[in-house]
Amino acid sequence: MTLARPYLRLPSIQPRHGTPPQMDLTPPKREAEAIKIVSWNLLRRIGATVRDVIDLIRTERPDLMLMQEATVEIDTLPTLIGGHYARSPLPGRIHGLACWSPWPYRRQPLTCTLPAGTLIRRVAQIVDCGTVTVANVHLSHGQLLNRRQLRRVVQILPHQAAILGDFNQVGPALIRHFHDVGPREPTHRMADMLPIRLDRCLVRGLTCVERHVIENYASDHRPISVLLRPTR
């Protein structure tokens, strides 16, 4: 995987080298190079804890766990359960993007800069899983800006790729050649009143075999799960 250098920022934070995961966290063998991905916005320090994340991993047994608004507390994940982990902090913020996998990454996850908003400088975390490259994102709230950020992510991905995370988008993403295959149910309740689907999955060169929203209310976002396989 080659990334255009203007978009490259820093390698992700890796607290320590990965170790084999606990036996009850190892995913089952999947057919046709399929990969199960779970994505969850943790709501910084007041939402889901590292124990909530572990419980979700134990229940869902994903091949890749993506997190948004992950703080330094989540850095203890590989110490507690093994596996392979990296975190990409947002510049000047206590939180950022993080990923965990029971399997070694093909390459060390990278942090790439996105067009900045007025208050927050956004990044994308790029994870090379071998058969598929995955972008973990937490986009800005501005509807024009978050679509510019999404187009930037598309520019640095190979053909067979997926983009997951908190899109903060209302309406379709309108990204050519990418298909929105994530769950259609609401994943967030805006102002505790209006249910809205902010957490999404866009794919190119992949087919979604299964998808669902996970009933977990430790954060203000519910996690989403997708099972993807290369399109033949």
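**Note on pockets, cysteines and selected residues**

1. Asn-168 sits in the loop that runs between strand β9 (161–166) and strand β10 (179–180). The model under discussion is a predicted one, and the remarks that follow should be read accordingly. Asn-168 has a relative accessible area of 7%, so this loop residue counts as buried. Its phi is near 55°, which is a positive value in a residue other than glycine. As general background, most residues other than glycine have a negative phi. Asn-168 also belongs to the residues that lie nearest the centre of the largest pocket, which is the subject of the next point.

2. The largest pocket encloses about 310 Å³ of space. Its lining is made up of 20 residues. Nearest the centre of the largest pocket are Ile-120, Arg-122, His-138, His-141 and Asn-168. What is the division of its lining into nonpolar, polar and charged residues? The lining of the largest pocket contains 5 nonpolar, 10 polar and 5 charged residues.

3. The second largest pocket has a volume of about 260 Å³, and 15 residues line it. The residues nearest its centre are Ala-34, Ile-35, Asp-63, Trp-103 and Cys-129. In the lining of the second largest pocket, 8 residues are nonpolar, 2 are polar and 5 are charged. Ile-35 may be placed further, as strand β2 spans residues 35–41.

4. How many disulfides does the model contain? The count comes to 0. Cys-99 takes part in no disulfide, and the nearest cysteine sulfur, that of Cys-129, is 7.9 Å away. Cys-99 counts as buried because its relative accessibility is 0%. For Cys-208, the closest cysteine sulfur is that of Cys-201, at 6.3 Å, which is too far for a bond. The cut-off needed here is that the two sulfur atoms be within 2.5 Å. In general terms, a disulfide is a covalent bond between the sulfur atoms of two cysteines.

5. Helix α3 (residues 143–155) contains Gln-149. Is Gln-149 buried or exposed? Gln-149 is buried, because its relative accessibility is 0%. A polar atom of the Gln-149 side chain lies 2.8 Å from the backbone oxygen of Pro-115. Apart from residues up to four places away in sequence, Gln-149 touches Leu-114, Pro-115, Arg-122, Leu-139 and Ser-140. One of these, Arg-122, was named above among the residues nearest the centre of the largest pocket.

6. Arg-148 is also found in helix α3. Arg-148 is partly exposed, as its relative accessible area is 44%. Arg-148 and Leu-119 are 29 residues apart along the chain, and their C-alpha atoms are separated by 16 Å.

7. Arg-200 is located in strand β13 (residues 199–204). With a relative accessible area of 5%, Arg-200 is buried. The cut-off that applies is under 20% relative accessible area. Where does the side chain of Arg-200 reach a backbone oxygen? The side chain of Arg-200 reaches the backbone oxygen of Gly-171 at 2.7 Å. Arg-200 and Gly-171 stand 29 residues apart along the chain, with 11 Å between their C-alpha atoms. Not counting residues up to four places away in sequence, the residues that Arg-200 touches include Ile-163, Leu-164, Gly-165, Phe-167 and Gln-169. Also among them are Val-170, Gly-171, Pro-172, Ala-173, Asp-180 and Ile-224.

8. Ile-214 lies in the loop between strand β14 (206–213) and strand β15 (224–230). Ile-214 counts as buried because its relative accessibility is 9%. Leaving aside neighbours within four places in sequence, Ile-214 is in contact with Val-38, Leu-56, Glu-60, Arg-222, Pro-223, Ile-224 and Ser-225. Ile-224 also appears among the residues touched by Arg-200. Ile-214 and Pro-28 are 186 residues apart in sequence, and the distance between their C-alpha atoms is 19 Å.

9. A further loop residue merits a remark on its backbone. Arg-44 is found in the loop between strand β2 (35–41) and helix α1 (50–60). Phi of Arg-44 is near 50°, a positive value in a residue other than glycine. Arg-44 counts as partly exposed because its relative accessibility is 33%.

Technical notes:
Residues are numbered from 1 along each chain as its sequence is written. This is a predicted model: local features need pLDDT of at least 70, side-chain atom pairs count only at pLDDT 80 or more; totals for chains, interfaces and linings use all residues. Side-chain values use heavy atoms; hydrogens and water are left out. On a 1 Å grid over the protein atoms alone, a cavity is a set of points where a 1.4 Å probe fits but cannot get out, and a pocket is an open set with protein on both sides within 12 Å along at least five of seven lines; lining residues have an atom within 4 Å of a point. Grid points are joined across faces, edges and corners, and a volume is the space filled by probe spheres set on the points. Ala, Val, Leu, Ile, Met, Phe, Trp, Tyr, Cys and Pro count as nonpolar, Asp, Glu, Lys and Arg as charged, and the others, Gly among them, as polar. Buried means under 20% relative accessible area, exposed over 50%, partly exposed in between (1.4 Å probe, protein chains only). Helices (H or I, at least four residues) and strands (E, at least two) are DSSP runs, numbered from the N terminus. A polar contact is a pair of N or O atoms within 3.5 Å; within protein, one must be able to donate a hydrogen and the other to accept it, and residues adjacent in sequence count only if both atoms are side-chain atoms. Contact means heavy atoms within 4.5 Å.
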